[in-house]
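User: Please go through this model with me, one question at a time. I would like each answer to end on the item I asked for.

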Amino acid sequence: MECDYCERRCRLGPDSFGYCKMYRQEGGRIVERFPDRWCAYAISRVETIPFYHAWPGARCLVVGTSGCNFNCRYCANAEVVKVDPAGLADIMLDIGPEAMVAKAVKHGCHAIVFAVNEPTVSLPTLSRVAEAAREAGIAMGCLTNGYGTPQSTALLGRIFSFVNVSLKGLSPEFCVDYLSVPEAGPILRNIEALARTCHVEVTTPVIEGVNDHEMEAMADFLAGVRRDIPWHVFRLLPEYRMQQEHYPSIESLSAKVEAVKSRLDYVYFHNFIGSRWVNTHCPSCGAVAISRHSLGCGGDKLDTFFAAGGRCPSCGGPIALYGGHVAWNAKEVSA
């Protein structure tokens, strides 16, 4: 059978598991090999994941499984996503949907966010978690590479109410050399589709001298979808097969961000200590609507939320937000 979860469309059998090795064919159906199995769960701030415009300040239960349908040269979680999932089976956590939601409630979390590997490889499990989360009033979000089929992307949009898509590059040469997929077309299509059904933010890990020349084209594409899509330009810290590469220049990339910032309402540049690009400014008057600080390497934190009611504190203009400000220790929040 042909797998219809991602655009690789692998042929699956009882003992042939495709590129991600997370699905197989059984009785004429595509089924998960490791349902309800997790590699990790941890508590994190929503800004660290990163989401800047979804439930600002929220405490999240960050979860992940194993496997991926990409092979990024710079993967930061290669020890989980680039090994055979069968080799992790003995150490993965067996947690059912209700038990996972109970953990979120126990730890005072306002949302569950899938953010360790690619959710497309575990959609049936995540669908069950989403049902339990809805009953508990817990929101669901995820990070995704956006390489799902139209059908699985529609399912992903029903499971998760807020999504951050990684738009890594545009050229076929980049996609083949750095991601091991032929082209970015499905990702662009899925960003457009998800933006019609849920809250979308986009992250671009920038590799200096490799994909930074595509920033203008990426900004133009996003503006054509929705001008108010928050765009996180990430200073890539090379990992996996790029460990010997130099770190990108903050000064050089800052200049490139400056050159494209007028094309979108919300452009951020982070993943380094002390970034001045992590505050949310009103697109109408420029006033600070949400202030944050960045400690680098995923250490973003909300400082002050000024946008009461989703409005600029200075001119009253709208600030694009999904959900309101949530105090870190708030007991509950409506999903």
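**Loops, sheets and helix packing**

User: Where is the place of P50?

Analyst: This is a predicted model, in which local features need pLDDT of at least 70 and side-chain atom pairs count only at pLDDT 80 or more, while totals for chains, interfaces and linings use all residues. Residues are numbered from 1 along each chain as its sequence is written, and side-chain values use heavy atoms, with hydrogens and water left out. Helices (H or I, at least four residues) and strands (E, at least two) are DSSP runs numbered from the N terminus. In those terms, P50 sits in the loop between β4 and β5.

User: Is the peptide bond from I49 to P50 cis or trans, and what is omega near?

Analyst: The bond belongs to the loop that joins β4 and β5, where P50 is placed. The I49 to P50 bond is cis, with omega near 10°.

User: What is the strand order of the open sheet of eight strands?

Analyst: Two strands pair if DSSP finds at least two bridges between them. Pairing in this open sheet is mixed, and β4 (40-45) and β12 (267-270) are the edge strands, each pairing on one side only. From one strand to the next, the twist averages 20°. The order is β4-β5-β7-β8-β9-β10-β11-β12.

User: Which residue is the bridge partner of V63 in β7?

Analyst: β5 has β4 as an antiparallel partner over six bridges, and there Y41 is matched with V63. With β7, strand β5 runs parallel over four bridges. The partner of V63 in β7 is F114.

User: How many residues of strand β5 are buried?

Analyst: Buried means under 20% relative accessible area, exposed over 50%, and partly exposed in between (1.4 Å probe, protein chains only). R59, L61 and V63 point one way from β5, C60, V62 and G64 point the other way, and all are buried. For β5 (residues 59-64), the count of buried residues is six of six.

User: Which residue in β8 stands opposite A111?

Analyst: β7 (residues 111-114) and β8 (residues 139-144) run parallel and are joined by four bridges. Opposite A111 stands A139.

User: What angle does the direction of helix α8 make with that of β12?

Analyst: Axes are lines fitted to C-alpha atoms, for helices over the stretch in contact, and angles run from 0 to 180 degrees between N-to-C directions. Contact means heavy atoms within 4.5 Å. Helix α8 (residues 250-260) packs on the sheet and touches β10, β11 (231-235) and β12. Its angle with β12 is about 175°.

User: How is the packing of two helices described in general, and is α2 parallel or oblique to α3?

Analyst: Two packed helices are described by the angle between their axes and the distance between the axes. The axes of α2 (residues 97-106) and α3 (residues 123-136) come within 8 Å and cross at roughly 45°. Angles under 35 degrees count as roughly parallel, over 145 as roughly antiparallel, 65 to 115 as roughly perpendicular and the rest as oblique. The crossing angle therefore makes α2, relative to α3, oblique.

User: How many polar residues are in the contact of α3 with α4?

Analyst: α3 and α4 (residues 150-159) pack at about 25° with axes 9 Å apart. The contact involves L123, L126, S127, A130 and R134 of α3 and S152, L155, L156, R158 and I159 of α4. Ala, Val, Leu, Ile, Met, Phe, Trp, Tyr, Cys and Pro count as nonpolar, Asp, Glu, Lys and Arg as charged, and the others, Gly among them, as polar. Beside six nonpolar and two charged residues, the number of polar ones is two.

User: Is the crossing of α4 and α6 left-handed or right-handed?

Analyst: The axes of α4 and α6 come within 10 Å and cross at roughly 35°. A crossing is left-handed if the near helix is turned anticlockwise from the far one by less than a right angle, and right-handed if clockwise. For α4 and α6 the crossing is right-handed.

User: What relative accessible area does N271 have?

Analyst: N271 lies in the loop between β12 and β13. Its phi is near 80°, a positive value in a residue other than glycine. N271 counts as buried because its relative accessible area is 9%.
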